[in-house]
Amino acid sequence: MLIILTGLPGVGKSTFSKNLAKVLSKNNIDIIILGSDLIRESFPIWKEKYEEFIRKTTHNLIDNALKNYWVIVDDTNYYNSMRRDLINIAKKYNKNYAIIYLKAPLDVLIKRNIERGEKIPNEVIKKMYEKFDEPGKKYKWDEPFLIIDTTKDIDLENIAKKLIEKSKEIPKFYIEDENKNKNDNIFDKIDKETRKIVSEYIKSCKFSKDKIKDIIELRKEFLRKIKKIEDIDVDNALKEFKNILDNY
Ligand code: ADP
Ligand code: MG
């Protein structure tokens, strides 16, 4: 079984991992906690250029461990693409997975961050909080198995029971084939880029409120149309969108 934690720094992932692993091991489950911090902290200092190695090595460790053990991934797993990569490891070995989303209000995260010596600037936590890719918002495979509020009591026995039950199910993978993943990524990109184009476009001229509404509706319509197309080329799609705006 692969347990994928997701949640912001200070939410309580490492604490939760240790406590949950203890309860599960009492139930005779061989379980290991892995996360990128293990490798990251093995360097005396941090450099951006180490990150690729950190990511790959963490993945290799998880991949290797999952053959024999339950694995808890103790990481922020901030983007759904990170969770997708992990689920693909579970898929490779046909193991069940469960996303556990740990949550706490921003002021609690900031308070805990300060108590830990503010190694991550509070501003960064705030930005991450605003931009956090809520699991399951976009994709079915990304839906959390459990959502845990870490400001409340955590019933570990009950969580362990649920996970053990889940581990006995036949694994289901909602991750569509690679092609679908590719299309999802392409769609995300077009979504983002057209948003930028619209905002530039609106800034470039003084449009009335009604016109702005029209432009926003044009973008929505365009995205609906794009969604139905099998093989999308990003550049062509963006060109077409710009044309639509120019014609408008
Ligand atoms: P993360 O691994 O998500 O960054 P940690 O588990 O290291 O978070 O916890 C961050 C801080 O919050 C620690 O000081 C820890 O003692 C505290 N903490 C963790 N879980 C809880 C909880 N459920 N209730 C209150 N404080 C907690
Ligand atoms: Mg931690």
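Student: Why is glutamate 230 called exposed?

Tutor: Glutamate 230 has a relative accessible area of 64%, and since exposed means over 50%, buried under 20% and partly exposed in between (1.4 Å probe, protein chains only), glutamate 230 counts as exposed. This is a predicted model, in which local features need pLDDT of at least 70 and side-chain atom pairs count only at pLDDT 80 or more, while totals for chains, interfaces and linings use all residues. Residues are numbered from 1 along each chain as its sequence is written, chains are lettered from A and ligands numbered from 1 in the order in which they are written, and side-chain values use heavy atoms, with hydrogens and water left out.

Student: Where does glutamate 230 lie, and which residues gather with Glu230 in a patch of negative charge?

Tutor: Glutamate 230 sits in the loop between helix 9 (209–227) and helix 10 (234–247), where helices (H or I, at least four residues) are DSSP runs numbered from the N terminus. Glu230 shares the negative surface patch with Asp231, Asp233 and Asp235; a patch of this kind is made of residues with over 30% relative accessible area and no salt bridge (a side-chain nitrogen of Lys or Arg within 4 Å of a carboxyl oxygen of Asp or Glu), like charges being joined within 9 Å.

Student: What makes the positive patch, and which helices supply it?

Tutor: Lys127, Lys131, Lys189 and Lys192 gather on the surface as a patch of positive charge, and helix 6 (122–131) and helix 8 (178–204) each supply at least two of its residues. Lysine 127, which lies in helix 6, has a relative accessibility of 53% and therefore counts as exposed.

Student: How do you know that the buried residues of helix 6 line one face?

Tutor: Asn122, Ile125 and Met128 are buried in helix 6. Viewed down the helix axis, the buried residues fall within an arc of 120 degrees, so they line one face of helix 6, the arc being that of the directions from the helix axis to the C-beta atoms. The face turned away from this buried side carries the exposed residues Lys127, Glu130 and Lys131.

Student: What is notable about phi of asparagine 28, and why is asparagine 28 called exposed?

Tutor: Phi of asparagine 28 is near 70 degrees, a positive value in a residue other than glycine. Most residues other than glycine have a negative phi. Asparagine 28 is found in the loop between helix 1 (13–26) and strand 2 (31–34), and at 72% relative accessibility asparagine 28 counts as exposed.

How values were computed:
Patch = residues over 30% accessible without salt bridge, like charges linked within 9 Å, V, L, I, M, F, W, Y side chains within 5 Å. Areas by Shrake-Rupley, 256 points an atom, 1.4 Å probe, with all protein chains shown as cover. Lys, Arg positive; Asp, Glu negative; His and termini not counted. Charge placed at Lys NZ, Arg CZ, Asp CG, Glu CD.
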